[in-house]
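Open your viewer and let's take a short walk through this model together. At each stop, make the selection suggested and look around before moving on.

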Amino acid sequence: MMRRLLEVHPGTIRVLHLEDDPQDAELIADLLREDGLDVEVRCVEDEAGLRAALADFQPDIVLSDLAMPGFSGHAALAIVREASPRMPFLFVSGTMGEETAIEALRQGATDYILKNQPARLGAATQRALIEAAEQRARDQAESELVRSQRYESLALLAGGLSHDLRNILQPLLIAAPMIAERAGTDPSVRKFATMIETCAKRGMDMVASMLSFARGARQINPHLVVAQLFRATDLLLQGTRPRTMALEIEVEDEDLSVAGNETELQQCLLNLCLNAIQAMPPDGTLTLAAGRSELGRGDILEDEAAVPGEYVRLSVIDTGMGMSEEVRARLFTPFFTTKEGGTGLGLLSCRRIVENHQGVLRVHSRPGMGTRFDIHLPLRNVLPAAAQERAFDGAGRHVLVVGEEASRLSIIADGLRLHNYRCTVMRSGAAALVFLDDAPPADGEGGGPPDAIVLDSEMQLLPVGRVLTELRYRHYEGSVVLAGDPGELPESARSGLALLSVERALAMPELLAALERGKDATAG
Ligand code: ADP
Ligand code: MG
């Protein structure tokens, strides 16, 4: 136990001792030191002393006699609890009947020791300190989680709002200059139009920053090994999972992997595990299991974006109290919680994360029978190891990269150049079209239009739909890779081009694979 204590509480332990008998105080301090504890003891005997010591000595643990002249241990306990609810508090007394002892524990004392049983003192002190440290770690992990859940739901809100706002502002941006143009000789109309335009632009800037907050820096790792995710979850749960609670990890295949954002998936597993731990008695069993799964048409709900096919299933299974039908029906309602101090946001954020990965989240639970959450993530995202290592070679082909965020463009261009592509970067759709129109005719030596165009879907100056239409008018024959969701484009913008898409939070292997596919598609 001593080793464990040193792990959670290295260094000197500050003991505050409430005791009116100096000889007893001396004896207790000696006993603690004999047990190998590195202690600094402050002894006080009344309320004023106690309050002063709590403030300036900042004890790690309080030992208290039951009765002192003019002051009682129970009063001391109440004062300590008020100041610091988690502070370990041990009664050390010469006389203590069973009833007094029980009453003391009921009032919130951590333990009690009789002076004629000094052998227990060291052990009880150590245990109390270890438990307090573990409790602190739990509190911290939970508040950390609550913080990130709040952040998640804020991001959800910001994402939804900014799309709506953009749709409202867009017409103002188009209309205001038109009004100014037609203002004729009336300077005040022109002034008002300019004012509208300035405000709309400012609004758009705010929308852009809200959107980038909502998206965060989402990095997709194409090869997240599930067994490693589970082991990391186990580590993160240390300190939260009671020692008596078993954790079992069952992975069908050590190499099983998924494509996804590591932080988000980790967070999702952690949320599910914390719920499981909170639903179980301390001797329950938490199981993390993974294997392949298959979802048919009937397994996917209407409002889910997932498609039938092969999946990887990550399950969090507990032997806890389970859920009633009513609870199950409301699980994903924002702020729905059955816990005192619960946020009711954990599962909502889990579902959002899983949906962001084109997966589905399922729950199986019955009262008294435990609960099982299944996360199904698409297997099609799993790049076969061979494809991942396959050396993509651009063979000097020319790619035009178009977007409005300079840093993003230069990262993409650098990545492509590393793979032997020639790259031209254009900072707007309009600039790209001018570049195409001015391209020298093909002469077999690098002239002619670029072999492929990579288009960022988020462009304000000339929206991507317009750029695509213009490309079609120009009969552009190379492949076009859209970084973003093609589903948001009108059908007319999608037709007539060799259009491919990758996620906007793109990973280089995906982009390279798309360019490769584009080459095959346009070659014939
Ligand atoms: P919170 O944990 O803050 O209550 P969650 O969104 O994580 O919020 O969970 C919502 C509710 O769902 C919980 O309050 C609980 O009633 C129920 N719940 C979630 N997971 C489990 C589980 N493993 N076993 C039983 N009930 C659960
Ligand atoms: Mg929760």
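Start by selecting Leu295 and Gly309: in this predicted model, Leu295 stands opposite Gly309 in strand 12. Now widen the selection to strand 11 (residues 285-295) and strand 12, which run antiparallel and are joined by 10 bridges.

Next, add strand 14 (residues 371-378), which pairs with strand 12 in the antiparallel sense over 8 bridges. For a landmark here, pick Val312, which stands opposite Leu377 in strand 14. How many of the residues of strand 12 are buried? Color strand 12 (residues 309-318) and you will find it mostly covered, with 7 of its 10 residues buried.

From there, move to helix 8 (residues 226-237). Its 12 residues reach 17 Å from first C-alpha to last, close to the 16 Å expected at 1.5 Å a residue. Select Val226, Ala227, Leu229, Phe230, Thr233, Asp234 and Leu237, which are buried in helix 8. These residues lie on the same side of helix 8, because they cover an arc of only 160 degrees around the axis. Show their surroundings: the buried residues of helix 8 pack against several elements, including strand 11 and strand 12 from your earlier stops, as well as helix 9 (262-279). Just after helix 8, click on Gly239, which takes a positive phi of about 95 degrees.

For the last stop, select Ser64 in strand 3 (residues 61-64). Is Ser64 buried or exposed? Ser64 is buried, with a relative accessible area of 0%. Display its contacts further away in sequence, and among them you will see Leu18, Gly73, Phe89 and Phe91.

Conventions: Residues numbered from 1 in each chain as written. Chains lettered and ligands numbered in written order. Predicted model: local features only at pLDDT ≥ 70, side-chain atom pairs only at ≥ 80, totals over all residues. Heavy atoms only, no water. Buried < 20%, exposed > 50% of the residue type's maximum accessible area, 1.4 Å probe, protein only. Helix = DSSP H or I, 4+ residues; strand = E, 2+ residues; numbered from the N terminus. Pairing = 2+ DSSP bridges. Contact = heavy atoms within 4.5 Å. Expected span 1.5 Å × (residues − 1). Arc of directions from axis to C-beta. Lists of a residue's contacts leave out its neighbours within four places in sequence.
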